[in-house]
Amino acid sequence: MSLFRQAIFFKSALEPWDLPAESRCEVAFAGRSNAGKSSALNTLVGQGRLAFVSKTPGRTQLINYYSLGDDRFLVDLPGYGYAKIAKHARKPWGRLLGDYLHTRSALAGLVLVMDIRHALTELDWGLLEWFQVTGKPMHALLSKADKLSRAEARKVLEEVRRELFSRSPLWSAQLFSSLKRTGIEEAGEVIGAWFGEIPAQSRTPDKARQQHGFRDKKAPGKRGD
Ligand SMILES: Nc1nc2c(ncn2[C@@H]2O[C@H](COP(=O)(O)OP(=O)(O)OP(=O)(O)O)[C@@H](O)[C@H]2O)c(=O)[nH]1
Ligand SMILES: [Mg+2]
């Protein structure tokens, strides 16, 4: 996973004109405030304190860029659902984030981090629908999976995969825990593939179907992965 290990802070953006030039490929982490975005990013890159983690929701209000070598960025987006934004605003997750998701051509894919105990809230669906028009892939990390038993976590994962895949074949999901450091390899493979890092055969259509909860009729009850 050497790609992620080279992560270093690059810059913060508060306004669209602060964003870096679109000369590199980037993957962004979005999700509700306190969902565990910054923690997931730190876990993925193997550095406990790269992105700022806080018990107080809504701490990451900027778009924070981390470079992976000279060609790629990981992007920590501001959390939504906590900041004082009008409840019925057209983009309830904020203007900066909404515009970023629609207009950023350097964005290769979106990682949506959701606390496994509050997955796919109305705000998450709003963001997904907003993002869907871009035609880009999305991978959901069901974070804090350590808060549920393995069986409970599996059940939520299967439901989430079914719901996502019923809306888009470009949407997938997995379990993740920064605390227990689980799900790192799977997340790394998906993001690495978006960066053009991993050979395509590791995510064949069959595997993708299984990951989305579709089971082979000839092997009933077989686990997706
Ligand atoms: N149990 C458990 N706690 C976690 C996990 N990931 C994050 N947390 C905790 O959840 C809280 C929020 O984590 P952050 O990573 O700061 O969340 P965030 O989504 O970046 O939050 P904002 O920047 O406010 O949008 C912190 O207290 C973390 O320690 C996890 O996998 N398991
Ligand atoms: Mg954060």
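Visitor: Which residue just after H2 takes a positive phi?

Guide: In this predicted model, Gly46 follows directly after H2 and has a positive phi of about 75°.

Visitor: How should one read the helix that comes before Gly46?

Guide: The general idea concerns the turn of a helix. An α-helix has 3.6 residues a turn, so residues three or four places apart point the same way. In this structure, helix H2 spans residues 37–45 and is mostly covered, with eight of its nine residues buried. Among the buried residues of H2 are Lys37, Ser38, Leu41 and Asn42.

Visitor: How many helices and strands does the protein chain have?

Guide: The protein chain has seven helices and seven strands. Along the sequence, their order is α-β-β-α-β-β-α-β-α-β-α-β-α-α. Of the 225 residues in the chain, 47% are buried.

Visitor: Which way do the side chains of strand E6 point, and are they buried or exposed?

Guide: The general idea is one of alternation. In a regular strand the side chains alternate between the two faces of the sheet. In E6, which covers residues 138–143, six of six residues are buried. Met138, Ala140 and Leu142 point one way, whereas His139, Leu141 and Ser143 point the other way.

Visitor: Which strands pair with E6?

Guide: Strand E5 (residues 107–115) runs parallel to E6 and is joined to it by six bridges; within this pairing, Val111 has His139 as its bridge partner. Strand E7 (residues 171–175) also pairs with E6 in the parallel sense, over five bridges, and here Leu142 stands opposite Leu175.

Visitor: What units do these strands make with the helices?

Guide: E5, helix H4 (residues 122–132) and E6 make a right-handed β-α-β unit. E6, helix H5 (residues 150–167) and E7 likewise make a right-handed β-α-β unit.

Visitor: Where is Tyr80 found, and why does Tyr80 count as buried?

Guide: Tyr80 lies in the loop between strand E4 (72–76) and helix H3 (95–103). The cut-off for a buried residue is under 20% relative accessible area. Tyr80 counts as buried because its relative accessibility is 1%.

Visitor: Which residues are linked to Tyr80 by a C-alpha separation or by a polar contact?

Guide: The C-alpha atoms of Tyr80 and Arg32 are separated by 4.6 Å, although these residues are 48 residues apart along the chain. The side chains of Tyr80 and Asp124 are joined by a polar contact of 2.6 Å.

Visitor: What share of the chain's contacts joins residues 24 or more positions apart?

Guide: Among contacts with a separation of 6 or more, such residues account for 71%.

Methods
Residues numbered from 1 in each chain as written. Chains lettered and ligands numbered in written order. Predicted model: local features only at pLDDT ≥ 70, side-chain atom pairs only at ≥ 80, totals over all residues. Heavy atoms only, no water. Helix = DSSP H or I, 4+ residues; strand = E, 2+ residues; numbered from the N terminus. Buried < 20%, exposed > 50% of the residue type's maximum accessible area, 1.4 Å probe, protein only. Contact = heavy atoms within 4.5 Å. Polar contact = N/O pair within 3.5 Å; in protein donor to acceptor, adjacent residues only side chain to side chain. Pairing = 2+ DSSP bridges. Right-handed = clockwise from strand over helix to strand, strands pointing away.
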